[in-house]
Amino acid sequence: MAGGWHARRRRARPRRPIVFAHDFIRNALLAGIPIALACGAVGYFVVLRAQVFAGDALSHVAFTGALAAAALGIDLRVGLFAATVFVAVLLAAMGERARADDVTIGVVFVWVLGLGVFFLDLFNRSAGGGNGTIASRTLFGSIFGLSTGQARLAALIGLGVLAALLAIARPLLYATIDPNVAEARGVPVILLGGAFLVLLGVDAAEATQAVGALLMLGLIAAPAGAALKLTANPYLGLALSCLFALASVFLGVAAAYVFSSLPPSTAIIGIAVLIYLAAFLISLVSRQSRRVPGRTRSQAAA
């Protein structure tokens with residue numbers, strides 16, 4: 001009897017926290033952690049280089065690319081990555097013209113979004129469409145719906161983007177802060193800019209799988225914006241941006257698990273926005289506290 005009781009007690013003892021007992025949570029974190037690190041690193045340079053517009057454009061393209069693949073009956077990821085990388089290369093080829101003619105490019109990308117709606121309608125008319133799942137996952141992400149294989153592939157791609165960005169981070173930073181001097185010293189400024197945009201395209205496709213095309217820009221820009229509010233040191237800022245993106249994904253997944261009615265993408269972006277607001281308030285208080293002694297000394301001198 002005693003042996004049977006001890007055996008039942010050993011079987012009843014939990015081997016891991018209950019949240020990690022679910023495959024969908026483990027897969028979400030397996031994919032989400034590398035995606036968050038990649039978004040934090042890429043996003044820091046996106047904000048630093050004032051290329052948030054490019055990230056916004058890629059969110060439109062991600063939606064259209066995924067739905068074009070669905071309409072053709074192929075893997076959504078093929079269309080997703082093909083479309084975002086192609087447009088990233090196009091933006092790199094346009095160079096400064098992509099910034100100078102915002103109106104034309106904005107109109108083009110609105111047309112691209114309309115093209116995505118066309119592909120959605122085409123897919124819904126086909127035998128495999130009609131339930132709206134494809135559009136919902138593309139727009140709002142499906143990090144809880146990733147299979148183990150999809151999560152592993154997403155993790156490998158996210159780590160690859162992070163490694164590639166870290167490999168060019170130093171010259172890219174130089175080319176970002178002072179492109180004229182960097183070019184005079186032999187730094188391939190244009191090539192680095194093009195390579196960065198390609199990494200942004202891959203990262204945008206990855207982030208779309210986690211939080212969707214509509215919310216993807218939030219995971220790229222909000223942690224980076226918070227980091228830039230807190231420090232001017234580029235390496236510390238890069239580390240903080242990665243940390244904030246990681247916290248957004250981890251806490252967002254946990255919040256969506258605890259509150260089952262809360263979509264994980266909404267929770268992730270909500271945490272990212274809260275971090276940004278906290279950083280904004282901290283920087284505001286810090287600036288005001290630095291101004292007070294100055295005013296006091298001037299009043300005393302008067």
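In which helix is Ser-59 found? The legends below take up that residue along with the rest of this predicted model.

**Figure 1. The whole chain, an all-helix arrangement with 13 helices and zero strands.** Let's begin with the overview before moving in. Read from the N terminus, the order of elements is α-α-α-α-α-α-α-α-α-α-α-α-α. The chain has 302 residues, and 43% of them count as buried. About 15700 Å² of the chain is exposed, with carbon and sulfur atoms supplying 68% of that area. If you take the contacts between residues at least 6 apart in sequence, 77% join residues at least 24 apart.

**Figure 2. Close-up of Ser-59, which is found in helix α3.** Here is the answer to the opening question: Ser-59 belongs to α3, a helix that covers residues 52-72. Its relative accessibility is 9%, so Ser-59 counts as buried. Leaving aside residues up to four places away in sequence, Ser-59 touches Ala-213 and Met-216. Do look for Ala-204 in this view too: 145 residues separate Ser-59 from Ala-204 in sequence, yet their C-alpha atoms are 7.1 Å apart in space.

**Figure 3. Helix α3 packing on helix α10 at an angle of about 50°.** The axes of the two helices are 10 Å apart. With that angle, α3 and α10 are therefore oblique to each other, and α3 passes α10 in a right-handed crossing. On the α3 side you will find Ala-54, Gly-55, Leu-58 and Ala-62, which meet Leu-197, Leu-200, Gly-201, Ala-204 and Thr-208 of α10. By residue type, this contact splits into six nonpolar, three polar and no charged residues. Ala-204, the partner in the C-alpha distance from Ser-59, is among the α10 residues that take part here.

**Figure 4. Helix α4 crossing helix α10 at roughly 150°.** Helix α4 spans residues 76-94, and its axis comes within 8 Å of the α10 axis. The two helices are therefore roughly antiparallel to each other. As α4 passes α10, the crossing is right-handed. From α4, the residues to pick out are Arg-77, Leu-80, Phe-81, Thr-84, Val-85, Ala-88, Val-89, Leu-91 and Ala-92. They meet Gly-194, Leu-197, Val-198, Gly-201, Val-202, Ala-205, Glu-206, Thr-208 and Gln-209 in α10. Sorted by type, the residues of this contact are eleven nonpolar, five polar and two charged.

**Figure 5. Helix α8 alongside helix α10, with axes that cross at roughly 155°.** This view joins α8 (residues 148-177) to α10 (residues 189-211), whose axes come within 10 Å. Accordingly, α8 and α10 are therefore roughly antiparallel to each other. The handedness of their crossing is left-handed. Helix α8 brings Ala-154, Ile-157, Gly-158, Val-161, Ala-164, Leu-165, Ile-168, Pro-171, Leu-172 and Ala-175 to the contact. Helix α10 answers with Val-189, Leu-192, Phe-196, Leu-199, Val-202, Asp-203 and Glu-206. Of the residues in this contact, 14 are nonpolar, one is polar and two are charged.

**Figure 6. Close-up of Cys-39 in helix α2.** Helix α2 runs over residues 23-48 and holds Cys-39. Is this cysteine, Cys-39, buried or exposed? At 0% relative accessibility, Cys-39 counts as buried. Its contacts, not counting residues up to four places away in sequence, are with Asp-203, Ala-207, Leu-219 and Ile-220. One of these, Asp-203, also belongs to the contact of α10 with α8. Ala-221 is worth finding as well: Cys-39 and Ala-221 are 182 residues apart in sequence, and 8.3 Å apart in space from C-alpha to C-alpha.

**Figure 7. Close-up of Ala-50, in the loop between α2 and α3.** Here we leave the helices for the loop that links the helix of Cys-39 to the helix of Ser-59. What is the phi of Ala-50? For Ala-50, phi is near 55°, a positive value in a residue other than glycine. As background, most residues other than glycine have a negative phi. Ala-50 is exposed, with a relative accessible area of 57%.

Conventions: Residues numbered from 1 in each chain as written. Predicted model: local features only at pLDDT ≥ 70, side-chain atom pairs only at ≥ 80, totals over all residues. Heavy atoms only, no water. Axes fitted to C-alpha atoms, helices over the stretch in contact; angles between N-to-C directions. Helix = DSSP H or I, 4+ residues; strand = E, 2+ residues; numbered from the N terminus. Parallel < 35°, antiparallel > 145°, perpendicular 65-115°, else oblique. Left-handed = near helix turned anticlockwise from the far one by under 90°. Contact = heavy atoms within 4.5 Å. Nonpolar A, V, L, I, M, F, W, Y, C, P; charged D, E, K, R; others polar. Buried < 20%, exposed > 50% of the residue type's maximum accessible area, 1.4 Å probe, protein only. Areas by Shrake-Rupley, 256 points an atom, 1.4 Å probe, with all protein chains shown as cover.
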